[in-house]
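Please explain how the strands and the nonpolar interior of this protein are arranged. An account in running paragraphs would be preferred.

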Amino acid sequence: MSTDVVKRAVIREARPEDDNVIGDLLVDAYVTQYAKKLPEVVYSEERKAFLRDVAAKRKVCTIMVAEVDGEVAGTVALYPPGAPGTEAWLPRTADLRALATSVRYHGQGLAQPLLAEAEVLAKRWGVDAISLHVRQGALGVARMYQRRGYQRTPEGDMDRRPDVFLEAYLLPLK
């Protein structure tokens with residue numbers, strides 16, 4: 001068996017039986033990573049409940065998982081243009097949200113095949129671009145997207161006062 005997590009990963013669409021695992025993975029990943037890199041970020045119980053409500057999101061977007069050795073190890077959501085909950089600021093743009101990997105797989109490159117599959121799906125949908133937002137100060141996350149060709153797009157920034165500022169990025173597909 002390969003020890004390379006990315007080679008062992010199978011990317012597939014999430015199923016209802018994955019919902020609880022995905023929700024817990026999102027909360028654990030966000031709380032853990034932000035605690036290390038942005039210690040001032042605190043997740044409220046309301047925000048955690050929103051992250052855990054995967055079933056509601058599956059009704060309006062496509063959620064994919066990276067499965068490693070039968071275990072859900074990562075996830076990403078892609079909202080089609082105009083879907084409820086999208087934060088895309090341009091028409092004909094898919095919105096990438098909730099990218100996370102299980103804490104035990106952080107830093108092993110598992111986000112890359114998830115992003116690649118989301119980009120393939122967006123192209124299948126025929127959209128012009130993929131948009132996303134990164135919390136201001138999450139420099140490593142921003143660099144990861146920029147290495148994939150996402151461009152900083154300030155006109156899509158979101159200011160959620162008092163404590164959250166989200167920087168916008170766009171990956172042109174056409």
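In this predicted model, Gly74 stands opposite Thr101 of strand E4. That position belongs to the pairing of E3 with E4, which is antiparallel and comprises five bridges. Strand E3 covers residues 71-79, and strand E4 covers residues 93-101.

E4 also pairs with strand E5, residues 129-135, here in the parallel sense and over three bridges. Within this second pairing, Thr93 has Ala129 of E5 as its bridge partner. Between E4 and E5 the chain passes through helix H5, residues 111-125, and the resulting β-α-β crossover is right-handed.

The accessibility of E4 may be considered next. Eight of the nine residues in this strand are buried, so that E4 is mostly covered. Ala98, which lies in E4, counts as partly exposed because its relative accessibility is 23%, whereas a buried residue would have to fall under 20%. The backbone of Ala98 also deserves attention: its phi is positive, at about 55°, although the residue is not a glycine.

A second non-glycine residue with positive phi is Asp69, for which the angle is about 50°. Asp69 is located in the loop that joins strand E2 (62-68) to strand E3 (71-79). With a relative accessible area of 49%, Asp69 is partly exposed, because the exposed class begins over 50%.

The discussion now turns to the interior. The largest nonpolar core contains 30 residues, and those with the most contacts inside it are Leu96, Leu99, Leu110, Ile130, Tyr145 and Tyr150. Two or more residues of this core are supplied by each of E2, E3, E4, H5, E5, helix H6 (139-147) and strand E8 (164-172). H5, the helix of the crossover described above, gives the largest share, namely six residues.

Which residues does Leu99 touch, not counting those up to four places away in sequence? They are Tyr30, Thr75, Val76, Ala111, Leu114, Leu115, Met144 and Tyr145. Among these contacts of Leu99, Tyr145 is itself one of the residues with the most contacts inside the core. Apart from the largest core lies another, of 19 residues, among them Ile22, Val27, Ala29 and Val65.

Taken together, these descriptions place E4 between two pairing partners in the account: E3 in the antiparallel sense and E5 in the parallel sense. E4 is also among the elements that give two or more residues to the largest nonpolar core.

Notes. Residues are numbered from 1 along each chain as its sequence is written. This is a predicted model: local features need pLDDT of at least 70, side-chain atom pairs count only at pLDDT 80 or more; totals for chains, interfaces and linings use all residues. Side-chain values use heavy atoms; hydrogens and water are left out. Helices (H or I, at least four residues) and strands (E, at least two) are DSSP runs, numbered from the N terminus. Buried means under 20% relative accessible area, exposed over 50%, partly exposed in between (1.4 Å probe, protein chains only). Two strands pair if DSSP finds at least two bridges between them. A crossover is right-handed if, with the strands pointing away from the viewer, the path from the first strand over the helix to the second runs clockwise. A nonpolar core is a set of buried Ala, Val, Leu, Ile, Met, Phe, Trp, Tyr and Cys residues joined through side-chain atoms within 4.5 Å. Contact means heavy atoms within 4.5 Å.
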